[in-house]
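Let's take a look at this protein chain together. Have the sequence and the 3D view open as you read.

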Amino acid sequence: MPEDALWSQFFNPPAVLRKLGLISRCGDAVDFGCGYGTFSIPAGKIIRGNVHALDIDPAMVAATQARAQAAGLVNVRAQMRDFIADGTGLPAGGADYAMLFNILHAEEPLTLLREAWRVLRVGGRLGIMHWRYDPTTPRGPSMAIRPRPEQCRSWAQQVNFRQDGPELIDLPPFHYGLVFRKS
Ligand SMILES: C[S@@+](CC[C@H](N)C(=O)[O-])C[C@H]1O[C@@H](n2cnc3c(N)ncnc32)[C@H](O)[C@@H]1O
């Protein structure tokens, strides 16, 4: 991950979350690979439920915890976890929203999507955001592993998610989004 100050310049998190359908009556949400809490913290401000902010990197967990504390948020639960190797440890069907933001270039995207499916309740939503498939973006994974929107859609559909809303959501300046529902 680049430094937090640089990373945060690439996003308008409240606008991203709004466009990806995170609404105030949302119960619990799961942020897979929370990084600096770039999205966990604004999500915690929006929803009435808890945000389970999970990351394998203790420095990222500490950063998210510190930001939650500084913001006075008691509903952001940052936890160190390798969700590919060990799953999230969260109960099945308990979450209203799953966030897969800048993470689907991971080695096992289907494992990740299956875990998102498991933790969501029926009717719960999955938001995917990723860097545009464009080598001129200032950061982002190498083009060899960077997924196109069609690839993300295909993976999500293989795990039985149904697309919800527009075919493709523009998240300027450098990202795209997709929303799915567990039906
Ligand atoms: C590119 S960052 C994206 C952070 C955040 N989602 C965002 O968009 O600002 C990916 C994050 O996923 C975490 N990560 C990668 N593999 C993981 C795994 N198997 N389990 C938990 N976290 C993981 C990394 O440590 C990193 O913080």
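Which backbone oxygen does the side chain of Asn-75 reach? Keep that in mind while we go over the whole chain; note that this is a predicted model.

## The overall fold

The protein chain has 6 helices and 8 strands. Starting at the N terminus, the order of elements is α-α-β-α-β-α-β-β-α-β-α-β-β-β.

As for dimensions, the C-alpha atoms fit a box of roughly 40 × 35 × 30 Å along the principal axes. The radius of gyration is 15 Å, which agrees with the value near 16 Å that a compact globule of 183 residues would have.

## Inside and outside

Of the 183 residues, 51% are buried. If you take contacts with a separation of 6 or more, 69% of them join residues 24 or more positions apart.

On the outside, the chain exposes about 8400 Å², with carbon and sulfur atoms supplying 51% of that area. There are 20 positive and 17 negative charges, and the mean positions of the two sets lie 8 Å apart.

## Back to Asn-75

You'll find Asn-75 in the loop between α4 (58-70) and β3 (76-80). Its relative accessibility is 10%, so Asn-75 counts as buried, the cut-off being under 20%.

Now for the opening question: the side chain of Asn-75 reaches the backbone oxygen of Gly-44, at 3.0 Å. Setting aside neighbours within four places in sequence, Asn-75 is in contact with Gly-44, Ile-47, Gly-49, Asn-50 and Val-51. Ala-43 sits 32 residues away from Asn-75 along the chain, with 9.7 Å between their C-alpha atoms.

Methods: Residues numbered from 1 in each chain as written. Predicted model: local features only at pLDDT ≥ 70, side-chain atom pairs only at ≥ 80, totals over all residues. Heavy atoms only, no water. Helix = DSSP H or I, 4+ residues; strand = E, 2+ residues; numbered from the N terminus. Rg over C-alpha atoms; globule rule 2.2 N^0.38 Å. Buried < 20%, exposed > 50% of the residue type's maximum accessible area, 1.4 Å probe, protein only. Contact = heavy atoms within 4.5 Å. Areas by Shrake-Rupley, 256 points an atom, 1.4 Å probe, with all protein chains shown as cover. Lys, Arg positive; Asp, Glu negative; His and termini not counted. Charge placed at Lys NZ, Arg CZ, Asp CG, Glu CD. Polar contact = N/O pair within 3.5 Å; in protein donor to acceptor, adjacent residues only side chain to side chain.
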